[in-house]
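User: Please take a close look at one part of this model. Set it in the context of the whole chain, and give the cut-offs behind each term.

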Amino acid sequence: MHRKMMAVLIVVCLAALVSFAGGKQGKMDAASHAAKLKAELYLTDEQTAQVESVFAGNLERMQPIRASMRATHGELKALRNATATDTGAIEAKETELEAIRAQKRELKAEQNNAMQQILTPEQFAKYQEIVAAHSKKKMGAGHKGQGHQK
C-alpha cells in the first residue's frame, strides 16, 4: 500500500512539474490564434479583438482543467500499473477523469457559442471547418487527451 501511494505521489509531482516547466510548447497564445483566424476568416479589427478576448479567457479557464487532467491521467496510470490492482480506485479515477472531460467540453461549447455571436454565418461555417480539421489532425497525431484506454 505504501509503495502504491508513493508511486501516485511521484506521478502527481512529475505532472505538476511538467505543467509548470512545459510552458506553451507548441501552443498558440490568444493573440497569435486571433491573428491567424483574422487572415483565414477575413475578420475586421473589431472581430479580431473580440476573438482574442474569447481565446484569452478560454485559455485562462482551461489551464487548471488541463493540469487536473494531466495529474488525473498520471494517477490513473499509476493505479493501473500498481502491483495490486484496486478496481474500485481505478473506477473512481476514471469517473473523475470523465468529469474533467465534461468540464473541458463545456468550455469548448461556451467558446463555440461566443464565436458564433462574433462571426458572420459564413465566417462561422469556415471556423467550424478549421476547428474540425484541427481536431482531426490532433487525433491522427495521437494527441494526448483524445480518447482513453481502459
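Analyst: A salt bridge here is a side-chain nitrogen of Lys or Arg within 4 Å of a carboxyl oxygen of Asp or Glu. This is a predicted model: local features need pLDDT of at least 70, side-chain atom pairs count only at pLDDT 80 or more, and totals for chains, interfaces and linings use all residues. Residues are numbered from 1 along each chain as its sequence is written, and side-chain values use heavy atoms, with hydrogens and water left out.

By the salt-bridge rule, the count comes to eight. K36 and E40 form one of them, with their closest N and O atoms 3.6 Å apart. Both sit in helix α2, four residues apart, which means that about one helical turn separates them. Helices (H or I, at least four residues) and strands (E, at least two) are DSSP runs, numbered from the N terminus. The general geometry is simple: an α-helix has 3.6 residues a turn, so residues three or four places apart point the same way. K36 is partly exposed at 41% relative accessible area, and E40 is partly exposed at 30%. The scale is this: buried is under 20% relative accessible area, exposed is over 50%, and partly exposed lies in between (1.4 Å probe, protein chains only).

First, the whole chain. The protein has five helices and zero strands. From the N terminus, the order is α-α-α-α-α. Of its 150 residues, 27% are buried. About 10100 Å² is exposed, and carbon and sulfur atoms supply 58% of that area. These areas come from the Shrake-Rupley method with a 1.4 Å probe; for residues, only the protein chains shown count as cover. Contact means heavy atoms within 4.5 Å. Among contacts with a separation of 6 or more, 66% join residues 24 or more positions apart.

Next, confidence. pLDDT is the predictor's confidence in each residue, from 0 to 100. The protein averages 82, and 75% of the residues score at least 70. The lowest mean, 46, belongs to helix α1 (residues 2–22), and the highest, 95, to α4. Two stretches stay under 50. Residues 5–9 are one, with three contacts beyond four places in sequence. Residues 11–26 are the other, with nine such contacts.

Now the part in close-up: helix α4, which covers residues 87–118. Its 32 residues should span 46 Å at 1.5 Å a residue, and the end C-alpha atoms are 47 Å apart, which agrees. The expected span is 1.5 Å times one less than the number of residues.

The buried residues of α4 are I90, K93, E94, L97, I100, R101, K104, L107, Q111, M115 and I118. They pack against α2 (30–41), α3 (45–81) and α5 (121–140). Charged side chains appear in that buried set, including K93, E94, R101 and K104.

Which residues does K104 touch, leaving out those up to four places away in sequence? The answer is M62, I65 and M69. K104 is buried yet has no salt bridge. The nearest side chain of opposite charge, E98, is 11 Å away. For charge, Lys and Arg count as positive and Asp and Glu as negative; His and the chain ends are not counted.

E94 is paired. Its side chain meets that of R80 in a salt bridge (2.7 Å, N to O). The pair links distant parts of the chain: R80 is in helix α3, E94 in helix α4, 14 residues apart. E94 counts as buried because its relative accessibility is 19%. R80, at 24%, counts as partly exposed. K93 is also linked, in a network of salt bridges with E75 and E96.

Further along α4 comes N112. At 27% relative accessibility, N112 counts as partly exposed. Leaving aside neighbours within four places in sequence, N112 contacts F124, Y127 and Q128. N112 and Q128 are 16 residues apart in sequence and 8.7 Å apart in space, C-alpha to C-alpha.

One more pair lies outside α4. The side chains of K38 and D45 meet in a salt bridge at 2.4 Å, N to O. K38 is partly exposed at 30% relative accessibility, whereas D45 is exposed at 59%.

In short, α4 carries the highest mean confidence, and its buried residues pack against α2, α3 and α5. Within α4, E94 has a salt bridge with R80, whereas the buried K104 has none.
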